[in-house]
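Colleague: Please take one part of this model and go through it closely. I would like a single connected account.

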Amino acid sequence: MIYTVTLNPSIDYHLWITALSQGTIHEAQKEWKVAGGKGINVSKVLRILGENSTALGFVGGFTGAFIQQQIEQAGISHDLIQIEQDSRINLKIKAQTETDISGVSPDIPEEALQRLMQKIDSLQSGDYLVLAGSVPKSLPSDMYQTIMKRLCGKGVRIFLDAKGKALETGLSEEPFLIKPNHHELGELFGVTIATPAEAIDMARKSLQMGAQNVIVSMAGQGAVFVNRQAAYVAQIPQRKPVNSIGAGDSMVAGFLYGYRQGMDTEAAFRFAVAAGSTTALSEGFCTHEKIQAFLPEITITAI
């Protein structure tokens, strides 16, 4: 089974306006409300690709009800835990540039956290667990590490898509895959990453800290993949992105899908890059048709 954990899901409220100015009233040209959160996005893309997963996490209030309804409408199984406070709303303003405002996280009661841990404890050898996104402020920043420790030795392959302390502390538990972008990986080591070669160097350092496989997304520069056996650079054609939401999550889902389909690491990496790229170039998420059309446009170089 595949499980995704979203500790801090949201309603992502997208607003399109002609221009953003302080101190004025704006009239939106278009709006879009959708259940968000990195783990939920991974479940959505897996569902599109034909893979079933179970979404775990916390939802509360009228916003939580909307999130759960959206997950169910997408045909995704879930075992969400209800809390009292409202799930957050993230605002995505699309004008001359895109401006994101992240909402306030709800408090997670200890009882709800223990219920999640009980669900985590039920995972078995051969299962996959995706830990993705931010950690609510009421929980310790090393919460992903705590979850991973509970699964140590059980044969669960863990995909970790986080940043900051959540990523740093999780590395020691040897996640099967991490997928930082170049900014997040640079932050981990206190450097600025500007080129694929620099990304490979820092990815190799994260291998030394415990990661088994590393994908680093680099926006228009493509992506790199590193493990102890190989390193690859993926180059993509230069096109203006339409949507920045969910591209990284699509890469995680794409690699997981490819790996479960029996692809080797290079092929799974290529598929992941195509999934992320076609999501970035679409209003919605990638599809099999978009991915297959994009695959020949990716150039993979072994380093």
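Modeller: What follows is a close look at one helix, then at a strand residue and the empty spaces. Keep in mind that the model is predicted.

Start with helix H3, residues 110–121. How far apart are its end C-alpha atoms? They are 16 Å apart. Twelve residues at 1.5 Å a residue should span 16 Å, so the helix agrees with the expected span.

Now its sides. The buried residues of H3 are Ala112, Leu113, Leu116, Met117, Lys119 and Ile120. These residues cover an arc of only 160° around the axis, so they sit on the same side of H3. Note that Lys119 is one of the buried residues. The face turned away from the buried side carries Glu110 and Gln118, both exposed.

What covers the buried residues of H3? The cover includes four strands, S1 (2–6), S4 (54–60), S6 (81–83) and S9 (128–132). Helix H4 (143–150) is also part of that cover.

Strand S1 deserves a second look. Thr6 lies in this strand. Its relative accessibility is 3%, under the 20% cut-off, so Thr6 counts as buried. Leaving out residues up to four places away in sequence, Thr6 touches Gly37, Lys38, Gly39, Ile40, Leu56, Gly57, Phe58 and Ala132. Among these partners, Leu56, Gly57 and Phe58 fall within the range of S4 (54–60). Ala132 is the last residue in the range of S9 (128–132). Lys38, Gly39 and Ile40 fall within helix H1 (38–49).

Helix H1 leads on to the empty space. Rolling a probe the size of a water molecule over the atoms shows where such space is left. The structure holds one cavity of 30 Å³ or more. About 90 Å³ of space lies in this largest cavity. Of its 13 lining residues, Trp32, Val34, Asn41, Ile245 and Phe285 are the closest to the centre. Strand S2 (10–16), strand S3 (30–36) and helix H1 each supply at least two lining residues. S3 gives the most, with four residues. The lining is mixed by class: five nonpolar, five polar and three charged residues.

Finally, the second largest pocket. Its volume is about 190 Å³. Of the 14 residues that line this pocket, Cys152, Gly153, Val156, Glu173 and Glu174 are the closest to its centre. Seven lining residues are nonpolar, three polar and four charged.

Technical notes
Residues numbered from 1 in each chain as written. Predicted model: local features only at pLDDT ≥ 70, side-chain atom pairs only at ≥ 80, totals over all residues. Heavy atoms only, no water. Expected span 1.5 Å × (residues − 1). Buried < 20%, exposed > 50% of the residue type's maximum accessible area, 1.4 Å probe, protein only. Arc of directions from axis to C-beta. Contact = heavy atoms within 4.5 Å. 1 Å grid on protein atoms, 1.4 Å probe; cavity = no way out; pocket = protein on both sides within 12 Å on 5 of 7 lines; lining within 4 Å. Points joined across faces, edges and corners; volume = space filled by probe spheres on them. Nonpolar A, V, L, I, M, F, W, Y, C, P; charged D, E, K, R; others polar.
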